[in-house]
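Open the model in your viewer and keep the selection tool ready. The tour goes from the whole chain to its enclosed spaces.

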Amino acid sequence: MKFDNPRIAIRRRKTYELMDLSLHVIRTYPIRLALAMLVVIVPMLFLNDFLISHLLLIDSEYTSFVHHDRPEYKIAYADTIKAPFITTMICLVIIQAPIVSVLSVILLGQIVFGINSTLRKLMSESLTRFGVLFWSVGCLRGIIPGLLVAQEIAIRNHQSYEDHIGLLVSITLYVVILRMVRPFIFEIILLEKTPLFKKSKQQITLSKRSRGIHRSRTGVGGRVMSGMIMSMIITTSLIGGMIFFATTFVNQHQTTLWVLRWGLPISMWMAAGFLSIVRFLNYLDVRIEMEGWEAELLIRAEAEKMKERIQLGNV
């Protein structure tokens, strides 16, 4: 490990500098980051489509074969049907968005210190923390409950899922608030490898470490909100670009269906990937402020050099 010469300079940064640095990180390591994120994004993309695409397909079927003589009713009905799909898809992706970091957080941690690792090793390392991730992220942070509600929506017809969508919106609000208050759960689990329960008196549990690191920095919530706003801008820009490009060449109705079914979630997942990098850099900034992490790295670098000198002296 290159403690004294990290690939990402260890120093305090402002919010706009973190976002700018995130773009530089993406530009420098596009393939490695894309692969680490796509391993998670692609399965979730198809799972969400499997669960709720029928909300949109009802619209396509209904408006294609019914009410040809009343186009104004057809348009109104289509908009009514698309609204539940849009709401449900947005809620699902917001709830699931942090899991894009399952491999990318480990990768970014290795990039900082110049460690090269394969995708297989990243997956193997993340699987060693599966139990903690399943409980702390999957259950407590709404991913599993959100999928269960989406499954209920999937097995109901288009007239009886309103209550479940309301429940999904409530879960989304809870998740967003929790994420603003304690955003660094993946970094604590995957990089610090903090356990759920104490195995010795000296160990710090996940809940205690999370309270400590998040209470030490009053501006964390504001930075998370700034990242969310930037993600919304990215998502809106991507969807707008897709609509503008697609409507130029294909039928408007079919384009709308394609953009809603695939363009919307893909744009949101891309924004989530960017936000995960911003959050990781924010985590480094918090550790520098509260723990003097840059000084710790210099001390560890000197310790490594002394160890090498001692080993050479014994040869």
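What follows is a walk through a predicted model, one selection at a time.

**Whole chain**

Start with the cartoon view. The chain has 13 helices and 0 strands. Follow the sequence and the pattern is α-α-α-α-α-α-α-α-α-α-α-α-α.

Now colour by burial. Of the 315 residues, 45% count as buried. Turn on contacts with a separation of 6 or more: residues 24 or more positions apart account for 80% of them. Switch to the surface. The accessible area is about 16,800 Å², and carbon and sulfur atoms hold 65% of that.

**Helix H11**

Select residues 220-247, which form helix H11. H11 has 28 residues and spans 41 Å from its first C-alpha to its last. The expected figure, at 1.5 Å a residue, is 40 Å, so the two are close.

Which residues of H11 are buried? Show Val-220, Arg-223, Val-224, Gly-227, Met-228, Ser-231, Thr-235, Ile-239 and Ala-246. Keep Val-224 highlighted; this residue of H11 returns at the next stop, among those nearest the centre of the largest cavity.

**The largest cavity**

Next, display internal voids. There are 2 cavities of 30 Å³ or more. Go to the largest, which holds about 230 Å³ of space.

Its lining has 21 residues. Select Arg-179, Val-224, Leu-275, Ser-276 and Arg-279, which lie nearest its centre. Then colour the helices around it: H1 (15-28), H9 (185-190), H11 (220-247) and H12 (252-291) each give two or more residues to the lining. The largest share, 6 residues, comes from H12.

Colour the lining by class. You should find 12 nonpolar, 5 polar and 4 charged residues.

**The second largest cavity**

Move on to the second largest cavity, with a volume of about 60 Å³. Which residues line it? Select Ile-8, Ala-9, Ile-10, Arg-11, Arg-13, Leu-18 and Leu-21, then add Leu-281, Leu-284, Asp-285 and Ile-288. The helices that give two or more residues here are H1 and H12. H12 supplies the largest share, 4 residues.

Colour by class once more. This lining has 8 nonpolar and 3 charged residues, with no polar ones.

**Last view**

Finish with H12 alone beside both cavities. H12 gives the largest share of the lining of the largest cavity, and the largest share for the second largest cavity too.

Note on methods. Residues numbered from 1 in each chain as written. Predicted model: local features only at pLDDT ≥ 70, side-chain atom pairs only at ≥ 80, totals over all residues. Heavy atoms only, no water. 1 Å grid on protein atoms, 1.4 Å probe; cavity = no way out; pocket = protein on both sides within 12 Å on 5 of 7 lines; lining within 4 Å. Points joined across faces, edges and corners; volume = space filled by probe spheres on them. Nonpolar A, V, L, I, M, F, W, Y, C, P; charged D, E, K, R; others polar. Buried < 20%, exposed > 50% of the residue type's maximum accessible area, 1.4 Å probe, protein only. Contact = heavy atoms within 4.5 Å. Areas by Shrake-Rupley, 256 points an atom, 1.4 Å probe, with all protein chains shown as cover.
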